[in-house]
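User: Hi! Could you walk me through this one with me? I have a few quick questions.
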Amino acid sequence: MTRSTEAVRPPTMADVAKEAGVSHQTVSRVLSGHPNVRASTREQVTAAIERLGYRRNPAARALVTRRTRTLGVVAVDPTLYGPASTLAGLQEAARDEGYLVSTVTLRNGVGQALADAFDHLAAWGVEGAVVLTPQRSSVRALTRLTPPFPVVTVEGGHDLDIPGVSLDQELGARLVTEHLLAAGHGTVWHVAGPEDWLESAARTEGWRAVLEERGIEPPRVLRGDWSPLSGYYAGQELAGLTLARRGSAPVTAAFVANDQMALGVLRALREAGIHTPRQVAVAGFDDIPEAGFFPPPLTTVRQDFTAIGRRSIQLLLEHIEGVATGVEHAVVEPQLIVRASTRAPGDAPA
């Protein structure tokens, strides 16, 4: 076998010790950050590591330290934009802290599925887990389980006796509803998400609270399933009400619980010959990457998924290290992004 075809053996700790002219134990102390190592020796070992391109063996380190530096994530229905973006934020935050992530995705968060996910992660030696629990059913299932490691929830609400992180969904809904009323609309209609989703319930509550505080009777809630198609059907109903001019609450503004459904609403209104925003203003929630390119560009509520992921991982590590022992529920604030879909009545060109 020629040298060009030989498998190149990665450098070992023994190679580093030989290169630096120190003992194997000294290299181990440098790698573990042991304080009883002279600065000159530490620099000598670090230089040898860089020259050789040595990389630590996580499996070997885990045997010695009993720490796998692996975190688990359980995600229910991560195909939707919100859960998918939250999952990406968690993975990025974990990498920044020097941890690997083992992810289990579930179609639903019922008891046995969640229990099996915990068993799977425990078998892989995770030190703790973040659980995305956006549905009431998954929250109920979680309350009946005793995880074998520290757990932090994301979007699980504040009723759980488990640490958690969530966006202030109600505040986001309040911001967009107040924005539409300030633009001169007499009321705001609402296309909500599925009833089982905590985020949907909180957004509906925020919308309703603002109207009731202003002495406005909330119109009946239209409901979708987060998909553009369900938004399209809701938009057809809104278009029918607009054209018929029926009822005591005319449709001039609609707050839609996510941007995908808002896309369907916009299409239905356009097909009915209704101009947005001159006749009906439309706002969404999430600020998906395409929101600024909708016809017209969509006013929406932005979620900081990076901040959610970072705070969730920080909170989990605090419990793993024993720094935090209480049940903290951290809240991340949303941001209203105003675009052309919600100009004040009469401001938009024909």
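User: Which residue in E9 is the bridge partner of Ala254?

Analyst: Happy to help, and bear in mind that this is a predicted model. The partner of Ala254 in E9 is Val282. That pair belongs to E8 and E9, where E8 covers residues 253-256 and the two strands run parallel, joined by three bridges.

User: Nice. What order do the strands take in that sheet?

Analyst: The order is E7-E6-E8-E9. These four strands make an open sheet, and their pairing is parallel.

User: And which strands stand at the edges?

Analyst: Those are E7 (222-223) and E9 (281-283). Each has a single partner strand, so one side of each is left without a neighbour in the sheet.

User: Which strands does helix H9 lie across?

Analyst: H9, residues 198-213, lies across E6 (189-192), E7 and E8. Its direction relative to E6 is about 175°. Helix H11, residues 259-271, also packs on the sheet, where it touches E6, E8 and E9. The angle between H11 and E9 is about 165°.

User: Switching to voids. How many cavities of 30 Å³ or more turn up in the whole structure?

Analyst: Two. The largest holds about 120 Å³ of space, and the second largest about 90 Å³.

User: What lines the largest cavity?

Analyst: The lining includes Leu80, Tyr81, Trp197, Arg203, Trp226, Asn258 and Asp286. Helices H5 (81-96) and H9 are the elements that give two or more residues to it. H5 gives the most, with three.

User: How does that lining divide by class?

Analyst: Five residues are nonpolar, four polar and three charged.

User: Same question for the second largest cavity: which residues line it, and how do they divide by class?

Analyst: Among them are Thr86, Leu132, Thr133, Pro134, Val154, Glu155 and Phe305. The classes there are five nonpolar, four polar and two charged. H5 again gives the most, with three residues. Gly82, Pro83, Glu199 and Gln303 are in the lining of both cavities.

User: Leu132 is in strand E3, isn't that where we should look next? Which way do the side chains of E3 point?

Analyst: Good place to go. E3 spans residues 129-132, with Ala129 and Val131 pointing one way and Val130 and Leu132 the other. All four are buried.

User: Why would they switch sides like that?

Analyst: Because side chains in a regular strand alternate between the two faces of the sheet.

User: Which strands does E3 pair with?

Analyst: E1, residues 70-76, runs parallel to E3 and is joined to it by four bridges. E4, residues 151-154, also pairs with E3 in the parallel sense, over four bridges.

User: Which residues sit opposite each other there?

Analyst: On the E1 side, Gly72 stands opposite Ala129. On the E4 side, Val130 has Val152 as its bridge partner.

User: Last topic: Leu243. Buried or exposed?

Analyst: Leu243 counts as exposed, because its relative accessibility is 55% and the cut-off for exposed is over 50%. You'll find Leu243 in helix H10, residues 228-244.

User: What is Leu243 in contact with, beyond its neighbours within four places in sequence?

Analyst: Ala272 and Ile274. Ala272 is 29 residues from Leu243 in sequence, while their C-alpha atoms are 8.6 Å apart in space.

Conventions:
Residues numbered from 1 in each chain as written. Predicted model: local features only at pLDDT ≥ 70, side-chain atom pairs only at ≥ 80, totals over all residues. Heavy atoms only, no water. Pairing = 2+ DSSP bridges. Contact = heavy atoms within 4.5 Å. Axes fitted to C-alpha atoms, helices over the stretch in contact; angles between N-to-C directions. 1 Å grid on protein atoms, 1.4 Å probe; cavity = no way out; pocket = protein on both sides within 12 Å on 5 of 7 lines; lining within 4 Å. Points joined across faces, edges and corners; volume = space filled by probe spheres on them. Nonpolar A, V, L, I, M, F, W, Y, C, P; charged D, E, K, R; others polar. Buried < 20%, exposed > 50% of the residue type's maximum accessible area, 1.4 Å probe, protein only.
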